[in-house]
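Grab your viewer and a notepad. Here are a few exercises on charged pairs and core packing, each with a worked solution.

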Amino acid sequence: QLQLVESGGGLVQPGGSLRLSCAASGFTLDGYVIGWFRQGPGEEREAVSCISSNGANTMYADSVKGRFTISRDSAKNTVYLQMNSLKLEEPAVYYCAAERRPTWQSSDYVTLNHHLYDYWGQGTQVTVSS
């Protein structure tokens, strides 16, 4: 069974940091583009960041550039999202998702289009509060 499991969410003060993890079971993340998305209460799902299957290319939403960093560790079959300088308006459920890289795309391929992702985790809650 193919599963993505997020962890690392929690309560943090404004300006604080959290590191989210996305671990895969039942399959290897090699060959997959991995994205992070978030959805706040009453809001639409928002793309946050993604990383290419070879780890060499990343993409970020303008709202998180310079504060969030995505990375992947093939040996641990895990992708991370380091979130710094968290803001009061950023509490949400954070989801990771995996898209098998299309064969016609290079290994640097990335996308923040959530419709293209094949597998989703159950999400981890991030709360920002003073």
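**Exercise 1.** How many salt bridges does the structure hold?

*Solution.* Count each side-chain nitrogen of Lys or Arg within 4 Å of a carboxyl oxygen of Asp or Glu. You should end up with four salt bridges. Keep in mind that this is a predicted model, where local features need pLDDT of at least 70, side-chain atom pairs count only at pLDDT 80 or more, and totals for chains, interfaces and linings use all residues. Residues are numbered from 1 along each chain as its sequence is written, and side-chain values use heavy atoms, with hydrogens and water left out.

**Exercise 2.** Work out which residues share a salt-bridge network with Arg 38.

*Solution.* Step one: Arg 38 pairs with Glu 46, with 2.9 Å between the closest N and O atoms.
Step two: Arg 38 also meets Glu 90, at 3.1 Å from N to O. That pair links distant parts of the chain, 52 residues apart: Arg 38 sits in strand 4 (residues 32-39) and Glu 90 in the loop between strand 8 (78-83) and strand 9 (92-100). Strands here are DSSP runs (E, at least two residues), numbered from the N terminus.
Step three: check burial (buried is under 20% relative accessible area, exposed over 50%, partly exposed in between; 1.4 Å probe, protein chains only). Glu 90 is buried at 3%.
Step four: through shared partners, Arg 38, Glu 46, Arg 67 and Glu 90 join into one network.

**Exercise 3.** Is Val 48 buried or exposed?

*Solution.* Val 48 lies in strand 5 (residues 46-51). Its relative accessible area is 0%, so Val 48 is buried.

Definitions and conventions:
Helix = DSSP H or I, 4+ residues; strand = E, 2+ residues; numbered from the N terminus.
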